[in-house]
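Please look over the structure shown here together with its sequence. The report that follows takes up selected contacts and local features in turn.

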Amino acid sequence: MTSTLTSRPGAASVRSTARRRIRVAHINANFTAGSGGITLREALALDPDRYSSTILAPEDGTLFDRAEAGGIEVVRLRRMSGGRRVYPWADVDALKEVSSHLAAGKFDLVHTHAGRAGAFGRVAAHRLGGCAIVHTLHGFPFNEFQSPATRLVLRSVERRLGRLTHYFLTDGTFVASEAVRLKIAPPDRVRAVISSIDGVPPASQEGRAEARRLLGIPEDAQVIGTTARLADQKAPLDMVKAVALLRRPDVYMAWVGDGVLRPQTERMIEREGLTERFLLLGNRDDVPDLLPAFDVFAMSSLWEGLPCSVVEAMTCGIPVVATAVNSVPEVVIPGETGLLARPADPESLRTALAYLLDHPSDAARMAENARVRIGAQFRPERLGPELMAVYETALSFAAVQIGREAAAA
């Protein structure tokens, strides 16, 4: 497909992508794990003969070296952070910084991720004009744990941003259906995709022993583990409460990841008497090596898209307990591929964790079911073709829209 875009609505010049690579800007406020990892894998999955990718993300991200090693151009943003504010007017400096880089890059397509980067990136790209805008919804910035007024405002913001967007991608079917139902995405411009994950080898007895040696955990202990930021979304305090409610001195908890709630989490761990058994491991680059240490993988999030961490645990063969939010039940099918708990309910989480710890044969059955199911769905070779098809469609939509605007000017 040949895409032709004017440099901005009403301008005389025309940028054609027929004989050159399409320049894509990938913007994310998180470039560590989760959606940051998805961003990197998407950039690497594109045909380098057809696409040229640049990743724009906060300078404290941990994946820049991997991106550059893969031949991806990177821009380390100084003004944007992964905070919870999602309004484009909340940080003028960040918006100016993103706008400046987009203008300098003369991109044909801007692909944004999640709430904060999605707001800044789409507003900046729309103001510059002349490019297609794709946005990935990793869940929504509004949720049931906010006040009705806050949810209403955030939903209104997402609807307005949706009018600037030529195409939407979502983590899972549920998020896509909600985006259509809530009038955030039109039905003909949204696609649910299964994001690929980095290769995770299946767990083995040797891997289990080595992982526990790395963590300093006794071989005969029972271990719950997770990989997530210490942030409100991931509800680490609920996890601390759930582990405390187990009242099991033989159970260790290993939390891989860091974030703004670390001090508060440390204080609660100390109050609950879990200092020796609730391990905050910080950010690690050896997660695949650590997963075999876990008897159960647990997720306590209040909202999610379709978390890669859960998929990685299933691929490794680790039984999963996760909160029933957004697209999570698409992969965690109760009693079949894992157990679901109520979000913001540590007692519910405790009950599910206790069952899998106390019924290892049933836990193994669910883990095997999950591994087989995930193996059939999450095939890395699907990502590139799906993403490039979306980009071509978005470029086509944008060309039509820009042509109409130019004709009306």
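What follows describes charged pairs, aromatic rings, a helix contact, a strand residue and two backbone angles, all taken from a predicted model.

**Salt bridges**

Side chains of opposite charge can pair when their charged atoms come close. In this model the count of salt bridges comes to 21. Three of them are listed below with their N to O distances.

| Salt bridge | Distance, N to O |
|---|---|
| Glu392 and Arg50 | 3.6 Å |
| Arg76 and Glu68 | 3.6 Å |
| Glu368 and Arg371 | 2.7 Å |

The side chains of Glu392 and Arg50 meet at 3.6 Å, N to O. This pair links distant parts of the chain, since Glu392 belongs to helix 14 (residues 383-408) whereas Arg50 sits in the loop between helix 1 (35-45) and strand 4 (51-58), and the two are 342 residues apart. Both Glu392 and Arg50 are buried.

The salt bridge between Glu368 and Arg371, at 2.7 Å from N to O, lies within a single element. Glu368 and Arg371 are separated by about one helical turn, because they are three residues apart in helix 13 (residues 360-377). Glu368 counts as partly exposed because its relative accessibility is 38%, and Arg371 is likewise partly exposed, with a relative accessible area of 35%. Elsewhere, Arg208, Arg212, Glu219 and Asp295 are joined into one network by salt bridges that share partners.

**Arg76, Glu68 and the ring of Phe64**

Arg76 takes part in two of the interactions described here, since its side chain meets that of Glu68 in a salt bridge, while its charged end sits over the ring of Phe64, 4.5 Å from the ring centre. Arg76 is partly exposed, with a relative accessible area of 38%, and Glu68 is also partly exposed, at 40%. Phe64, by contrast, is buried, with a relative accessible area of 3%.

A second arginine placed over a ring is Arg189, which lies over the face of Phe397 at 3.7 Å from the ring centre.

**Aromatic pairs**

A pair of aromatic rings is described by the distance of the centres and the angle of the planes. The structure holds three aromatic pairs. One of them is formed by Phe31 and Phe64 in an edge-to-face arrangement, with 5.0 Å from centre to centre and 65° between the planes. Phe31 lies in the loop between strand 3 (22-27) and helix 1, and Phe64 lies in helix 2 (residues 64-69), so the pair ties together parts that are 33 residues apart in sequence. Phe31 counts as buried because its relative accessibility is 2%.

**Helix 8 against helix 9**

How do the axes of helix 8 and helix 9 cross, and within what distance do they come? The axes of helix 8 (residues 236-246) and helix 9 (residues 262-271) come within 10 Å and cross at roughly 10°. An angle under 35 degrees counts as roughly parallel, and helix 8 and helix 9 are therefore roughly parallel to each other. On the side of helix 8 the contact is made by Pro236, Leu237, Val240 and Lys241, and on the side of helix 9 by Gln264, Thr265, Met268 and Ile269.

**Ala298 in strand 13**

Ala298 is found in strand 13 (residues 296-299). Is Ala298 buried or exposed? Ala298 counts as buried, because its relative accessibility is 0%. When residues up to four places away in sequence are left aside, Ala298 touches Ile224, Gly225, Thr226, Met239, Val321 and Leu353. Ala298 and Val320 are 22 residues apart in sequence, and their C-alpha atoms are 5.9 Å apart in space.

**Positive phi angles outside glycine**

Two residues other than glycine are noted here for a positive phi, namely Arg247, with a value near 50°, and Ala344, with a value of about 60°. Arg247 has its place in the loop between helix 8 and strand 11 (251-256), and Arg247 is exposed, with a relative accessible area of 67%. Ala344 lies in the loop between strand 15 (339-341) and helix 12 (346-358), and Ala344 counts as partly exposed because its relative accessibility is 40%.

How values were computed. Residues numbered from 1 in each chain as written. Predicted model: local features only at pLDDT ≥ 70, side-chain atom pairs only at ≥ 80, totals over all residues. Heavy atoms only, no water. Helix = DSSP H or I, 4+ residues; strand = E, 2+ residues; numbered from the N terminus. Buried < 20%, exposed > 50% of the residue type's maximum accessible area, 1.4 Å probe, protein only. Contact = heavy atoms within 4.5 Å. Salt bridge = Lys/Arg side-chain N within 4 Å of Asp/Glu carboxyl O. Phe/Tyr/Trp six-rings, centres within 6.5 Å; stacked < 30°, edge-to-face > 60°. Lys NZ or Arg CZ within 6 Å of the ring centre and 35° of its normal. Axes fitted to C-alpha atoms, helices over the stretch in contact; angles between N-to-C directions. Parallel < 35°, antiparallel > 145°, perpendicular 65-115°, else oblique.
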